[in-house]
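Thanks for making time this morning. I would like to walk through one model with you, going from its interior outwards to a few details of its backbone.

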Amino acid sequence: MRSLTLVCCVLVLVATAPQTATGQAASTATTAGGPDEPSIHAVYPDPVAGGDEGEFVVLSIPDETNIGEYAVTDGDSTAPVPNTTASGRVVLSTAPNRTRTLTDWAVVGLGGHLGLANSGERIRLQRGNRTVDAVRYADPAEGELGVVHGSVVRWRPLGATDRPVVRAAGGEVRAFTLPDTPAAPIRPIRNADERVYLAGYTLSSARVADALIAAQRRGATVRVLLEGEPVGSRTAAEARTLDRLTEAGVPVRVLTGSRARYRYHHAKYAVADEQAVVLTENWKPAGTGGNSSRGWGVVTAQPRVVAGLNRTFRSDAGWQDSKSWGQYRRGRQFERGEPATGEYQTRFSAESVTVRRTDLLVTPDNAQGELVATIDSADDSVDVVQPTVGDWDSPLLRALRRAASRGVEVRLLLSDAWYVREENTRTAKRFREWAKRNDAALAAKVADPDGRYEKIHAKGAVVDDERVVVGSLNWNEQAATENREVVVVLHGSDAAAYFGAVFDADWAAGGFDTPVGVLAAVVSLLVVAGLAARRVSFEA
């Protein structure tokens with residue numbers, strides 16, 4: 001169907017002629033001990049505190065190990081570990097009281113003196129005269145934890161998670177599109193009786209607030225977590241909404257301050273009883289309210305996805321960069337925002353679709369590498385919709401060009417919103433020029449809403465008509481490596497057919513740009529057709 005649409009569109013066309021990336025390797029680790037001995041899991045050499053008070057080393061300890069026979073040394077000084085039995089992750093510090101305010105792991109006080117150099121050094125875990133494990137680190141940023149991964153150390157903000165991809169067995173999920181079906185992302189909240197954990201960038205929708213307050217009054221545990229410093233400042237309308245939630249007894253927390261683990265908390269999801277909502281839109285009238293933006297979303301009851309989002313919410317809301325709304329708003333002024341009041345017809349209703357598997361990804365932990373691998377595995381097509389994209393040489397954009405270079409049909413659809421129109425026009429032109437020079441099957445264009453929505457805010461992709469990417473991640477390096485984002489990858493042709501139809505409709509509106517390679521093939525076809533047309537007559 002898609003190929004036929006492509007050819008028909010071409011026939012008509014011819015006939016009518018945005019910190020160092022988290023995860024950067026900076027150090028090395030060597031292990032001489034066996035599997036039954038402790039190893040160095042992480043180092044924290046440069047706390048956000050005077051005199052580096054609270055610096056520590058984290059050990060990974062086999063079950064019920066007596067660690068009193070070990071000591072930590074930097075070659076100049078040695079700190080013996082007290083005689084105690086421990087398991088799992090244990091933090092060793094010469095200032096244990098201070099360190100306990102920085103971590104949820106168990107803290108054990110070290111004897112003697114140990115100072116971790118901010119410029120870098122080699123730390124060894126010893127048993128007697130034997131080195132059991134050693135880590136060499138270099139130039140950590142203030143407030144970052146160096147986690148050992150194999151033979152290297154990767155730096156990330158203290159308290160940031162390091163989660164694996166969650167893969168959930170198949171089942172049925174509910175796919176929806178905005179602004180067409182604004183009831184879809186709120187329905188699970190309205191039906192919740194036990195819990196609602198809502199995470200977002202901003203929240204100003206009265207409809208969402210009503211649903212949260214109603215759930216609270218039914219006895220559900222309701223929690224809200226938002227970004228503390230959204231770009232362009234928080235609006236007065238949102239402040240009033242959050243005041244209302246707080247007054248109704250709904251705890252609202254924002255992530256902000258010097259200990260913030262992520263540049264922005266940009267994730268957009270909710271856990272409502274045993275369902276989860278993952279979407280591309282903010283919890284405001286322009287987004288989930290259906291008054292402006294083109295968005296994609298999904299509701300799922302897959303237990304592993306729900307549990308994974310539950311864990312993400314709890315770890316993000318429970319750290320030291322999480323402040324109550326009441327504490328945050330004291331003395332602050334809020335900007336007057338322009339209300340979104342658009343009305344749009346329902347062209348795409350929400351549908352239940354079958355999936356073989358769902359992958360839950362989060363940034364900066366694991367999403368970018370998984371998405372690059374997804375694009376690199378594409379055989380036939382990759383359709384991407386984004387408000388805007390990042391640097392030309394960012395990993396995701398390089399992956400798109402690699403796909404097009406090997407013959408995969410790539411289409412990139414960007415927003416025409418006034419604040420990105422000029423930039424997106426230049427980006428689309430650059431991709432088209434690259435495709436022409438390289439004879440690559442890639443097309444890029446700025447969307448024409450054609451009265452069906454105001455602007456594109458969706459962040460997704462359809463790959464090989466078999467996989468769908470839906471989530472909050474803008475395809476740029478900062479979002480992928482410094483923000484908290486949440487993405488799901490739906491495996492299955494039903495989900496791909498649903499979102500593929502939305503993409504095709506948005507792509508076709510207001511004109512058509514075809515990949516250079518496909519255009520050449522179709523023009524050749526037209527030449528043959530033109531010769532044959534001499535022998536064919538048509539009725540008026």
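**Core, strands and charged pairs**

Let me begin with one residue, keeping in mind that what you see is a predicted model: if we leave aside the neighbours within four places in sequence, Tyr-269 is in contact with Tyr-197, Leu-198, Ala-199, Val-277, Val-278, Leu-279, Trp-283, Leu-309, Thr-312, Phe-313 and Val-486. Tyr-269 is also among the residues with the most contacts inside the largest nonpolar core, a set of 45 residues, and it shares that standing with Trp-296, Leu-309, Val-468, Val-486, Leu-490 and Phe-499. Helix α12 gives the most to this core, with seven residues. There is, in addition, a second, separate core of 37 residues, which includes Trp-392, Leu-396, Leu-414 and Ala-461.

Staying with helix α12, which covers residues 493–508, we can make a simple check on its geometry: at 1.5 Å a residue, its 16 residues should span 22 Å, and the end C-alpha atoms are 21 Å apart, which agrees. Several of its residues are buried, including Tyr-498, Phe-499, Val-502, Phe-503 and Trp-507.

Next comes strand β27, residues 485–491, where seven of the seven residues are buried, so the strand is largely enclosed by the rest of the structure. Glu-485, Val-487, Val-489 and His-491 point one way from β27, while Val-486, Val-488 and Leu-490 point the other way. Which strands does β27 pair with, and in what sense? Strand β20 runs antiparallel to it and is joined to it by seven bridges, with Val-362 standing opposite Val-486; strand β26, residues 467–471, also pairs with β27 in the antiparallel sense, over five bridges, and there Val-469 stands opposite Val-489.

Turning to the charged side chains, the count comes to 27 salt bridges, and I will pick out three pairs. Asp-180 forms a salt bridge with Arg-294, the closest N and O atoms being 2.9 Å apart. Because Asp-180 lies in the loop between β12 and α3 and Arg-294 lies in strand β18, this pair ties together parts that are 114 residues apart in sequence. Asp-180 counts as buried at 5% relative accessibility, and Arg-294 is buried as well, with a relative accessible area of 1%.

In the second pair, the side chains of Arg-484 and Asp-316 meet at 2.8 Å, N to O. This pair links Arg-484, in the loop between α11 and β27, with Asp-316 in helix α6, 168 residues apart. Arg-484 is buried at 0% relative accessibility, and Asp-316 is buried with a relative accessible area of 0%.

The third pair joins Arg-411 to Asp-504, with the closest N and O atoms 2.6 Å apart. Here strand β22 holds Arg-411 and helix α12 holds Asp-504, so parts 93 residues apart in sequence are tied together. Are the two partners buried or partly exposed? Arg-411 is buried, at 5%, whereas Asp-504 is partly exposed, at 25%.

Finally, some backbone details. A cis peptide bond, with omega about 10°, joins Leu-178 and Pro-179, and Pro-179 is found in the loop between β12 and α3. The peptide bond from Thr-363 to Pro-364 is also cis, with omega near 0°, and Pro-364 lies in the loop between β20 and α8. Asp-439, in the loop between α10 and β23, has a positive phi, near 50°, and is exposed, with a relative accessible area of 56%.

How values were computed
Residues numbered from 1 in each chain as written. Predicted model: local features only at pLDDT ≥ 70, side-chain atom pairs only at ≥ 80, totals over all residues. Heavy atoms only, no water. Helix = DSSP H or I, 4+ residues; strand = E, 2+ residues; numbered from the N terminus. Expected span 1.5 Å × (residues − 1). Buried < 20%, exposed > 50% of the residue type's maximum accessible area, 1.4 Å probe, protein only. Core = buried A, V, L, I, M, F, W, Y, C linked by side-chain atoms within 4.5 Å. Contact = heavy atoms within 4.5 Å. Pairing = 2+ DSSP bridges. Salt bridge = Lys/Arg side-chain N within 4 Å of Asp/Glu carboxyl O.
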